[in-house]
Amino acid sequence: MNLRDSARAAADTIAERLASPQDVRGLPHRQGWWPQSLAHGAVGVALLHIERARTGQGPWKRAHDWLACAAAEPIVGGPDSHLYYGAPALTFALHAAADRPGRYARALDTLDRYATKALRERLADAHARMDRGEMPALAEFDAIRGLSGLGGLLLHRDVHTDLLLEILTYLVRLTDPVKHDGQLLPGWWSHLAPSGTTSPEYPEGHANNGVAHGIAVI
C-alpha cells in the first residue's frame, strides 16, 4: 500500500468512526464538547464529511447530520466568536456545503448578520485601542481568533466587500510603527507572550511573525 492509499484508508476509518453525532457525543472529550468549534466540535466534523461528499467519498447525509448537530444550540456570536468558533465557523462550513445555488441560503444570510455585527464591533474596538496608543492582543488580529481570519471568511464568501475593505484598512494601520516607552515598535507588537497570555519569559511582550497568530497572515 502506497502513501496515498494509506492516507485514504486512515481518512475512511476516521470518517466511519465519526459517522453519526449520536455515536460521538457521549464519548469522553479531552477538550470538552464544543458543537460550534472547528477544532473541537461538530462544525469541524461536518467539514470532514462535506469535503468527502463533494469528492464522492461519502454521503451528504452525514454532512447534513453534523451541520444540524452544530446548529442545534443557540448560535454563538459577539466577541466570543471567531473563524474557529461560533457563527463564523458555522458559516464557513455551511458555505462549503452549499454545492448548488440556493442551498442553505437562508441560514447563511442569518449567519452573515451575526458575523458582520461582531466584525463591526471588533473593528471599532481595535481602532479605539489604536487611538489610545495601547498594544494589541494577538486575538485582535490573528487568523484563528482575530480580524484576519474573519476577513478571510468574507473573502471566501465573496460578500460584504465594503466590510472586507474596512478590515484591510485596519490591517494596514496595524503595520504602522508605534512609540512605547520611548521605543519605536511594530504596530502589531503585543504585550502578551506567544501563548496569548502574560508571561515572565516575555516581560515586554513580542512581535509575532507567524502565519496563524502573527503579522505574516496579512
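Helix axes at angles under 35 degrees count as roughly parallel, over 145 as roughly antiparallel, 65 to 115 as roughly perpendicular, and the rest as oblique. Keep that scale in mind for the helix pair on this tour. The model is predicted.

**Whole chain.** Start with the full C-alpha trace. Along its principal axes, the trace spans about 60 × 40 × 35 Å. Colour by secondary structure. The protein has nine helices and two strands. From the N terminus on, the order reads α-α-α-α-α-α-α-α-α-β-β.

**Helix α1.** Select residues 3-17. This is α1, with 15 residues. From its first C-alpha to its last, α1 reaches 21 Å, close to the 21 Å expected at 1.5 Å a residue.

**The start of α1.** Now show the side chain of N2. What does a side-chain oxygen of N2 reach at the start of α1? The partner is the backbone nitrogen of R4, and the oxygen comes to within 3.2 Å of that atom.

**α1 against α3.** Add residues 42-54, helix α3. Two packed helices are described by the angle between their axes and the distance between the axes. Here α1 and α3 pack at an angle of about 125°, with their axes 11 Å apart. An angle of about 125° lies outside the parallel, antiparallel and perpendicular ranges, so α1 and α3 are oblique to each other. The crossing of α1 and α3 is left-handed.

**The contact.** Show side chains on both helices. From α1, select A11, D12, I14 and A15; from α3, select L48, H49 and R52, which they meet. By type, the residues of this contact divide into four nonpolar, one polar and two charged.

Conventions. Residues are numbered from 1 along each chain as its sequence is written. This is a predicted model: local features need pLDDT of at least 70, side-chain atom pairs count only at pLDDT 80 or more; totals for chains, interfaces and linings use all residues. Side-chain values use heavy atoms; hydrogens and water are left out. Helices (H or I, at least four residues) and strands (E, at least two) are DSSP runs, numbered from the N terminus. The expected span of a helix is 1.5 Å times one less than its number of residues. A polar contact is a pair of N or O atoms within 3.5 Å; within protein, one must be able to donate a hydrogen and the other to accept it, and residues adjacent in sequence count only if both atoms are side-chain atoms. Axes are lines fitted to C-alpha atoms, for helices over the stretch in contact, and angles run from 0 to 180 degrees between N-to-C directions. A crossing is left-handed if the near helix is turned anticlockwise from the far one by less than a right angle, and right-handed if clockwise. Contact means heavy atoms within 4.5 Å. Ala, Val, Leu, Ile, Met, Phe, Trp, Tyr, Cys and Pro count as nonpolar, Asp, Glu, Lys and Arg as charged, and the others, Gly among them, as polar.
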